[in-house]
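Trainee: Hey, could you walk me through a structure I haven't seen before?
Mentor: Sure, let's put it up and go through it together.

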Amino acid sequence: MGILYRLFTHYLYAAAKTAPVDKNPSRPHCPRHSTCDMAAARTMACLSVASLARPFSSRVSSASCRAAAVAGGQRASLMGASQPRWYLATSSSTALQRRRSNRGFLTVDAKKKGFAELLSDIVPKDEDYNGRPRLEKGKVSAKQHVPNSIAKPPYADSGHLPPMNEEPQIHDAEGEEKMRAAGLLAAQVLDYAEQIIKPGITTDFIDQKVHKMIVDAGAYPSPLNYGGFPKSVCTSLNECICHGIPDTTELREGDIINVDVTVFLNGYHGDTSRTIRVGEVTDEVARLVDVTERSLAEAIKICKPGTPVRKIGATIHAIADEAGFGVVEKFVGHGVGKEFHSGPTVRHHRNNDPGVLVKGQTFTIEPMLTIGRTHDKMWRDGWTAVTADGKWTAQCEHTLLITDDGVEILTASPLKKTERFPAKQATAA
Ligand code: MF3
Ligand code: CO
Ligand code: CO
């Protein structure tokens with residue numbers, strides 16, 4: 001059923017080709033359409049699957065399609081072809097559960113695959129990137145202990161995913177203070193993780209250290225047993241997009257690793273991540289990390305009451321396009337607060353989602369940019385998402401609070417002297 005549907009949508013796109021071939025060889029075409037007018041394709045697809053269609057931003061053009069192709073085969077332009085379908089990203093979820101479930105979790109099946117992508121699933125491409133073999137799963141150590149004195153979130157014992165609440169999480173003054181405390185602790189833990197990172201340590205070692213610091217601070221490490229996640233922090237190396245599980249894998253000089261820390265303190269979650277360089281990295285990799293950070297920083301600057309949520313994706317995507325990087329669509333930012341994940345869905349690529357930011361709301365922005373294509377492969381552990389082409393990817397994340405007239409970065413690093421209140425950018429809604 002899935003494959004048939006995918007082929008069907010591919011033929012819809014193919015039938016909608018209208019634009020002339022771009023003869024400029026320095027500008028790669030959309031990898032799936034030698035002649036490509038995504039807007040026409042989108043219209044066709046939307047008409048054909050009207051009940052599923054989400055109209056896409058009118059700014060998408062064949063020019064931006066080419067830009068997207070430069071950015072590593074982005075599929076943003078085709079978003080209109082299908083309603084994003086939320087699904088659970090855990091190993092315990094069956095396809096049927098996924099289809100039935102209304103509970104969103106972190107990922108959005110943004111678009112059906114085309115023929116080339118189906119082929120790329122079948123034909124393995126195992127070239128190394130940066131002279132590194134592909135990541136392999138190591139051994140995962142036993143679950144860490146959390147003292148009984150520490151207040152746990154509802155899923156901690158069961159390992160269930162809490163029901164996904166689509167409503168934003170909005171706080172009063174006391175809630176805001178608790179969010180500040182959770183955000184600060186998460187930032188301090190992430191700073192600490194950065195300090196211990198060096199070649200030769202394992203991702204499991206990072207997990208042990210981070211776990212201890214969180215528990216010593218009287219907090220619960222939010223990832224632990226969230227939907228069955230087996231560890232206290234996510235460690236995503238090189239081509240791992242996100243949700244890497246700490247294991248016996250050793251860090252090597254030249255690697256990059258995203259450490260994603262979430263703490264549950266006094267009933268509130270603070271969620272933050274950054275991509276840390278292990279020793280010296282290549283210029284291309286350094287640029288990937290820098291651009292990812294800049295895309296987050298610029299997206300944060302536009303946040304204030306009334307900012308359309310979709311502008312976050314527009315801002316990030318424009319920066320990635322300009323730099324020639326891809327924007328991962330499948331994993332998204334989210335509301336955060338008393339619950340780990342809630343509405344709004346904060347997509348990092350161009351989108352046409354409804355909704356505006358409101359005062360008192362807390363949420364994350366957590367863009368993932370790629371050197372190559374954005375298409376992912378999920379490991380059998382049900383969590384680890386790696387790029388299908390093996391090229392490297394970077395992510396960074398902050399928990400944000402919308403203030404009276406702007407935004408406060410609750411997970412600003414005290415060590416890095418990150419601006420807590422970045423200067424607002426004047427933007428027309
Ligand atoms: N911290 C991740 C986020 O940014 C979520 C990790 S969920 C886990 O939303 F279960 F993988 F830990
Ligand atoms: Co998050
Ligand atoms: Co996170």
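What follows is a quick chat about the overall make-up, the core, some strands and the ligand.

Trainee: What kind of model is this?
Mentor: It's a predicted model, so keep that in mind as we go.

Trainee: Okay. How many helices and strands are there in the protein?
Mentor: You'll find nine helices and 18 strands.

Trainee: And what percentage of the residues count as buried?
Mentor: Of the 429 residues, 50% count as buried.

Trainee: What about contacts between residues at least 6 apart in sequence: what share joins residues at least 24 apart?
Mentor: That share is 74%.

Trainee: Let's go inside. How many residues are in the largest nonpolar core?
Mentor: It has 77 residues. Val189, Val261, Val263, Leu288 and Leu400 have the most contacts inside it.

Trainee: Which helix gives the largest share of this core?
Mentor: Helix 6, residues 173-196, with eight residues.

Trainee: You mentioned Val189. What does Val189 touch?
Mentor: Leaving out residues up to four places away in sequence, Val189 touches Val210, Met213, Ile214, Val261 and Val263. Two of those names, Val261 and Val263, also came up among the core residues with the most contacts.

Trainee: Is there some general idea behind a core like that?
Mentor: In soluble globular proteins, nonpolar side chains tend to be buried together.

Trainee: Switching to sheets. What is the strand order in the open sheet of three strands?
Mentor: The order is 6-15-14, and the pairing is antiparallel.

Trainee: Why is one side of strand 6 and of strand 14 left without a neighbour in the sheet?
Mentor: Strand 6 (240-242) and strand 14 (376-378) stand at the edges and each has a single partner strand, so one side of each has no neighbour there. From one strand to the next, the twist averages 40 degrees.

Trainee: How many bridges pair strand 6 with strand 15?
Mentor: Two, in the antiparallel sense, with strand 15 covering residues 385-387. Cys240 stands opposite Val386 in strand 15.

Trainee: And strand 11, is it mostly covered or mostly open?
Mentor: Mostly covered: strand 11 spans residues 342-346, and four of its five residues are buried. Strand 11 forms a hairpin with strand 10, with six residues between them. Two bridges join these antiparallel strands, and Gly333 has Val346 as its bridge partner.

Trainee: Last one: how many residues surround ligand 1?
Mentor: There are 14, and the closest are Pro223, Tyr226, Phe229, His243 and Asp260. By class, the shell has six nonpolar, four polar and four charged residues.

Note on methods:
Residues are numbered from 1 along each chain as its sequence is written. Chains are lettered from A and ligands numbered from 1 in the order in which they are written. This is a predicted model: local features need pLDDT of at least 70, side-chain atom pairs count only at pLDDT 80 or more; totals for chains, interfaces and linings use all residues. A residue is buried if 20 or more other C-beta atoms lie within 10 Å of its own, exposed if 12 or fewer, and partly exposed in between; C-beta atoms are placed from the backbone. Two residues are in contact if their C-beta atoms, placed from the backbone, lie within 7 Å. A residue is near a molecule or strand if its C-beta atom, placed from the backbone, lies within 6 Å of it. Ala, Val, Leu, Ile, Met, Phe, Trp, Tyr, Cys and Pro count as nonpolar, Asp, Glu, Lys and Arg as charged, and the others, Gly among them, as polar. Two strands pair if DSSP finds at least two bridges between them. Axes are lines fitted to C-alpha atoms, for helices over the stretch in contact, and angles run from 0 to 180 degrees between N-to-C directions. A nonpolar core is a set of buried Ala, Val, Leu, Ile, Met, Phe, Trp, Tyr and Cys residues joined through C-beta atoms within 7 Å.
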